[in-house]
Amino acid sequence: MDNAAISHHYNERRDEGRKGRQTSPILQLRNLNNWVKSVLINLHTRPGARVLDLCSGKGGDLQKWARAPASSYVACDTAEVSVRQALGRYNELGRRPFPAVFLVGDCFAVDVLAHLEDGHGTFDVVSCQFAVHYAFENEERVRRMLSNVAGALKPGGFFIGTTPDSSVLVRKLRAIPGMSFANAVFKVVFDDTDPPHKNKAFSRDKSPYGIRYTFTLDTSVEDCPEYLVHFPSFEKLAVEYGLELLLLQNFHHFFKEYSASGSPYSDLLVRMRVLDETGTMSADQWDAAYLYTVFAFRKKGGDGTDGGLAAAAAEAAAMGGYPAANEDDIIFMS
Ligand SMILES: C[S@@+](CC[C@H](N)C(=O)[O-])C[C@H]1O[C@@H](n2cnc3c(N)ncnc32)[C@H](O)[C@@H]1O
């Protein structure tokens with residue numbers, strides 16, 4: 001959807017729920033990311049779901065899981081400081097609608113389930129938002145991620161996420177003379193020694209792993225080394241772990257599909273302040289959104305029944321809130 005189309009679509013409701021509020025450019029992009037995650041979560045989560053959040057960061061999705069509502073939640077991130085913040089956010093959640101476990105460690109190197117009681121085959125959703133690309137340093141890390149995901153999921157459960165869209169990144173790279181492209185919102189710089197030449201990225205005779213670049217979003221955020229996610233390889237490996245790809249959709253197309261008039265998520269778009277007062281995003285932010293994709297895999301099997309989710313949801317609701325988490329309860333994985 002181009003900006004004119006967005007503008008046309010949202011002009012009618014641009015005043016709803018946003019009167020007098022200013023939305024900064026980078027905040028707007030963050031809001032779009034949050035809207036995409038909310039929709040993705042909603043599409044794949046039934047009330048009562050047990051959730052494993054890999055690379056959970058500071059717990060930015062806790063509210064989304066509370067709204068689902070999940071019946072239990074496990075956070076896992078390599079950055080201890082982020083896990084502590086997530087725990088703090090959990091304690092501040094309205095009524096702590098689910099029990100939560102907090103793990104610190106490398107989700108792409110350790111056996112996460114070994115650190116959980118009853119972790120195997122008990123999760124309805126595994127989420128990994130804006131992070132699977134860190135696994136693509138090598139095949140071993142991707143396999144460890146998939147083994148954690150597949151081991152955690154019940155048959156029929158979902159593995160969902162958001163990540164840079166490598167086909168867009170590679171297309172943009174090949175269209176320019178240098179190794180870097182940017183606009184006012186983002187800058188992407190490919191490593192000029194590995195791969196030795198950009199035309200080799202994703203070519204048949206080269207490994208699809210370890211293709212490194214730095215992605216800077218907004219000048220205030222530090223450069224962060226990332227790796228291209230070669231989706232054909234991702235999908236092929238995932239099959240070995242019993243995971244079938246259901247959805248792979250660039251943010252632009254995802255936005256177009258779920259923001260359409262009549263979609264249950266179009267009002268959410270307004271409430272989450274994704275668009276500015278004129279009902280649009282700037283061209284630079286819209287271009288930045290094109291660099292990302294959503295994905296969803298489903299673990300094979302499952303009998304299509306509820307699997308006790310309604311009962312789990314009712315039990316969590318009946319609890320009327322769970323006790324605050326204690327920092328001493330954080331589990332350090334090795
Ligand atoms: C861009 S943030 C996304 C955080 C969160 N998922 C969200 O959407 O708000 C990426 C997160 O991945 C975490 N991370 C990166 N590599 C990781 C790894 N190997 N194991 C666990 N966490 C990792 C970082 O510490 C960071 O918190």
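1. Let's start with the company the ligand keeps. The shell of residues around the ligand splits into seven nonpolar, five polar and four charged. Keep in mind as you look that this is a predicted model.

2. Which residues come nearest to the ligand? Of the 16 residues around it, these are Lys37, Cys55, Asp77, Asp106 and Gln129. Try finding each of them in the structure before you read on.

3. Three of these neighbours deserve a closer look. Lysine 37 places a polar side-chain atom 2.7 Å from an oxygen atom of the ligand. Cysteine 55 takes part through its backbone, where a polar atom is 2.7 Å from a nitrogen atom of the ligand. With aspartate 106 it is the side chain again: one of its N or O atoms is 2.7 Å from a nitrogen atom of the ligand. As for cover, the ligand on its own has 600 Å² of accessible area, and the protein covers 77% of that.

4. Now turn to the aromatic rings. How many aromatic pairs does the structure hold? There are 24. A nice one to work through is tyrosine 90 with phenylalanine 98: their ring centres are 6.1 Å apart and their planes meet at 25°, so the pair counts as stacked, since the cut-off for stacking is under 30 degrees. Are these two residues buried or exposed? Both tyrosine 90 and phenylalanine 98 are buried.

5. Elsewhere, rings gather in a group. Phe136, Phe159, Tyr209, Phe231, Phe234, Phe295 and Phe297 make up one aromatic cluster.

6. Finally, a ring can also have a charge for a partner. Arginine 50 has its charged end over the ring of phenylalanine 123, 4.9 Å from the ring centre.

How values were computed
Residues are numbered from 1 along each chain as its sequence is written. This is a predicted model: local features need pLDDT of at least 70, side-chain atom pairs count only at pLDDT 80 or more; totals for chains, interfaces and linings use all residues. Side-chain values use heavy atoms; hydrogens and water are left out. A residue is near a molecule or strand if one of its heavy atoms lies within 4 Å of it. A polar contact is a pair of N or O atoms within 3.5 Å; within protein, one must be able to donate a hydrogen and the other to accept it, and residues adjacent in sequence count only if both atoms are side-chain atoms. Accessible areas come from the Shrake-Rupley method with a 1.4 Å probe; for residues, only the protein chains shown count as cover. Ala, Val, Leu, Ile, Met, Phe, Trp, Tyr, Cys and Pro count as nonpolar, Asp, Glu, Lys and Arg as charged, and the others, Gly among them, as polar. Rings of Phe, Tyr and Trp (its six-membered ring) pair if their centres lie within 6.5 Å; planes under 30 degrees apart count as stacked, over 60 as edge-to-face and the rest as tilted. Buried means under 20% relative accessible area, exposed over 50%, partly exposed in between (1.4 Å probe, protein chains only). A charge sits over a ring if NZ of Lys or CZ of Arg is within 6 Å of the ring centre and within 35 degrees of the ring normal.
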